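Here is a friendly walk through one protein model, meant to be read with the structure open beside you. We will look at helix packing, then domains, the ligand shell and a few backbone details.

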Amino acid sequence: LARGGILPVKPSETRDVINLDGLWYFTTDANFVENIEEADDLGQGLNLMPVPSSYNDIATSLILRDHVGSVWYKKYFFVPGSWSSKRVWIRFGSVCYNASVIINGASVVNHSVGHLPFATEISRHLNYDIENNVLVEVNNILDRYTIPQGYVDQVGGGKLHQFVKFDFFNYAGIDRPVYLYTTNDAYIDDINIDIKLNGTTGLVTYSTEIVNPKGLKQQINILDKNGHLVAVGSGKSGTLEVENAKLWWPYLMRPDPGYLYTFEVILKQNDTLIDHYKQRFGIRSLYYDNDTFTINNENIYIRGFGRHEDSDIRGKGLDLPLIIRDHHLIKWIGANCYRTSHYPYAEEIMDLADELGIMIIDEVPSVVTANFSKTLLSNHKQAWSEMYQRDKNRPSVIMWSIANEPRVTIPASGDYFKQVVQHVKTFDTSRPITLANMYSYDIEYSGKYLDIIGVNRYEAWYVNPGQIDGIVPRIKSLITGWRNLHNKPVLFTEYGADVEEGLSTLPSFIWTEEYGNDLITEYFKAFDQLRSQPWFVGEMIWNFADFKTDTDIRRVGGNKKGLFTRNRQPKAAAFVVRKRYWALAHQLY
Ligand code: GCB
């Protein structure tokens with residue numbers, strides 16, 4: 001299932017890079033594709049679309065926001081003559097959901113999972129030293145076999161509507177950067193790094209995938225953060241030793257979190273350099289069994305939240321100011337982890353997590369899965385494999401989440417998730433597998449296949465709204481019920497309350513800042529009564545920030561369970577959580 005490598009684009013002596021981000025011609029109307037430069041389907045005489053960005057909220061029209069089906073993007077670009085002796089590739093960080101890419105009229109690649117990168121060689125379709133064009137057809141339709149699922153139906157006036165069961169706006173478009181880059185005929189296609197610790201020595205077991213390796217030699221260097229050489233090797237696989245290794249620690253667990261080494265591959269034919277690639281990695285050990293989950297032999301206690309890639313105007317489009325702001329807030333609040341709910345996040349975001357020591361629960365884009373067909377299973381495995389291929393070497397990724405809130409009370413879900421787990425284990429046994437479950441332990445079929453149980457529960461919100469007093473006993477009995485049934489570590493993956501920023505009453509009332517604070521404070525009491533047990537591995541609030549959802553009478557301008565507003569300013573709960581997360585960090589380490 002896993003295809004070739006999908007290494008991030010990095011310039012080096014052997015690789016040139018052109019970034020295609022910027023303004024692309026855009027239309028929602030198939031009739032305009034031939035002369036997209038003249039398109040005026042949005043009726044404003046403005047047919048330019050920024051990349052990266054979701055397209056939905058850019059214009060003023062409902063036609064665009066609620067569009068169902070294909071849209072087209074086109075960009076003209078120049079390729080220098082010096083590239084004609086090279087292989088030239090095009091790489092998309094993510095297109096939601098289905099992408100068909102056409103270069104100078106020739107179809108070059110189709111890709112159908114959102115939130116994940118894809119690349120293909122386009123050398124023979126290019127014109128060198130003159131202009132070229134790329135046309136991308138982007139289709140946002142979700143059906144019963146896509147990951148995630150949805151269905152399209154006709155609504156009032158015969159209009160098509162995309163129905164989804166998940167609770168976030170179904171943004172679409174070219175959401176992440178687009179690059180052209182070159183390699184030689186022979187090149188480094190993939191790197192696998194596996195870490196073990198032997199005392200203070202880091203054992204770095206690696207393998208590389210080289211295309212056209214005949215007659216080539218590989219040199220491997222491991223460099224520390226200052227660029228000093230700490231280990232050397234050669235050949236396509238082996239184990240290198242890094243003595244007195246500086247470990248990758250989570251944020252606030254040690255003074256210098258997120259320490260990264262560089263794994264450098266130098267590919268040569270005699271003295272001629274053929275390829276040169278630098279991949280960052282961290283040295284850390286993970287261990288899990290029925291009772292514990294440790295990093296570098298220390299118990300992990302997760303303080304975090306679920307998040308979304310979401311902001312106004314750009315939707316899920318990568319936005320560097322936003323992601324840097326987010327990571328300032330994550331550090332400010334003292335969190336050490338987040339789940340990439342409910343899909344893999346941009347590589348630029350994952351790089352920050354690696355660098356800052358933020359642990360990641362990496363979630364495949366499977367949310368509210370309800371049919372457990374063979375076709376869906378195969379697409380689910382494919383989506384996970386692509387995520388694995390992208391993220392396997394990241395020290396920040398400490399756990400795989402294989403689904404959020406699937407309908408696991410249906411018996412067929414048992415075999416389905418057993419097979420997803422088996423699939424994951426054939427690639428990676430170093431990281432535990434979880435699933436965020438909304439049901440109770442006694443009525444569901446997935447728990448026995450997981451390494452760590454993920455529990456979502458909205459006690460005193462969706463369940464027993466207003467009954468703050470019930471939180472401690474009910475949450476404790478839910479968690480211990482899971483524990484007693486499966487004898488596995490338990491992680492609280494979601495809880496929270498919608499809070500309308502600035503709404504305030506005394507005594508507290510649902511939707512107010514006070515109610516939000518009171519509710520989370522009760523959950524803290526429940527967690528505190530369990531925290532001394534190493535099998536209780538952490539707490540994650542829903543959500544980091546407010547985010548946009550589908551049209552829904554429960555949502556006033558979106559989901560308001562954020563600790564921060566959609567504009568990334570703190571609500572009252574952010575200060576309460578900050579106090580707790582910093583205190584926990586100081587108590588524990
Ligand atoms: C959940 C879902 C999440 C929703 C959240 C809510 O259980 O996992 O995607 O946004 O509840 O606020 O309803």
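## Helix pairs, domains and the ligand shell

Helices α2 and α3 run roughly parallel to each other, because their axes meet at an angle that counts as such. The angle is about 30 degrees, and the two axes lie 11 Å apart. Keep in mind as you read that this is a predicted model. Helix α2 covers residues 320-333 and helix α3 covers residues 347-356, and the crossing between them is right-handed. On the α2 side the contact is made by Ile323, His327 and Lys331, and on the α3 side by Glu348, Ile349, Leu352 and Leu356. Sorted by class, the residues of this contact are 4 nonpolar, 1 polar and 2 charged.

Two further helix pairs can be read in the same way. Helix α4 spans residues 374-391 and helix α5 spans residues 412-427; their axes come within 10 Å and cross at roughly 30 degrees. That angle is why α4 counts as roughly parallel to α5. Their crossing is right-handed. From α4, the residues in the contact are Leu377, His380, Lys381, Trp384 and Tyr388, while α5 brings Tyr416, Gln419, Val420, His423, Val424 and Phe427. This contact holds 7 nonpolar, 3 polar and 1 charged residues.

How do the axes of helix α7 and α8 cross, and how close do they come? They come within 8 Å and cross at roughly 25 degrees, with α7 made up of residues 513-528. The angle therefore makes α7 roughly parallel to α8, and α7 passes α8 in a right-handed crossing. Glu513, Gly516, Asn517, Ile520, Thr521 and Phe524 in α7 meet Ala572, Ala573, Val576, Val577 and Arg580 in α8. By class, that contact has 6 nonpolar, 3 polar and 2 charged residues.

The table puts the contact classes of these pairs side by side.

| Helix pair | Nonpolar | Polar | Charged |
|---|---|---|---|
| α2 with α3 | 4 residues | 1 residue | 2 residues |
| α4 with α5 | 7 residues | 3 residues | 1 residue |
| α7 with α8 | 6 residues | 3 residues | 2 residues |

Stepping back to the whole chain, the protein is divided into domain 1 (17-183), domain 2 (188-281) and domain 3 (298-588). The centres of domain 1 and domain 3, taken over C-alpha atoms, are separated by 30 Å. Between these two domains, 31 residues of domain 1 are in contact with 35 residues of domain 3. The side of domain 1 that touches domain 3 has 15 nonpolar, 10 polar and 6 charged residues.

Which residues surround the ligand? They are Asp167, Asn404, Glu405, Met438, Asn456, Glu494, Trp542, Asn559 and Lys561. This shell divides into 2 nonpolar, 3 polar and 4 charged residues.

Some of these shell residues also show up in the backbone details. Glu405 has a phi near 45 degrees, a positive value in a residue other than glycine, and is found in the loop between β28 (397-404) and α5. Trp542 takes part in a cis peptide bond to Asn543, with omega near 15 degrees. Asn543 itself sits in the loop between β32 (536-542) and α8 (572-588).

Another cis peptide bond runs from Cys96 to Tyr97, with omega near -5 degrees. Tyr97 is placed in the loop between β6 (95-96) and β7 (98-103). For context, most residues other than glycine have a negative phi, and most peptide bonds are trans.

How values were computed
Residues numbered from 1 in each chain as written. Predicted model: local features only at pLDDT ≥ 70, side-chain atom pairs only at ≥ 80, totals over all residues. Near = placed C-beta within 6 Å. Nonpolar A, V, L, I, M, F, W, Y, C, P; charged D, E, K, R; others polar. Domains from an automatic or database assignment. Contact = placed C-beta atoms within 7 Å. Axes fitted to C-alpha atoms, helices over the stretch in contact; angles between N-to-C directions. Helix = DSSP H or I, 4+ residues; strand = E, 2+ residues; numbered from the N terminus. Parallel < 35°, antiparallel > 145°, perpendicular 65-115°, else oblique. Left-handed = near helix turned anticlockwise from the far one by under 90°.
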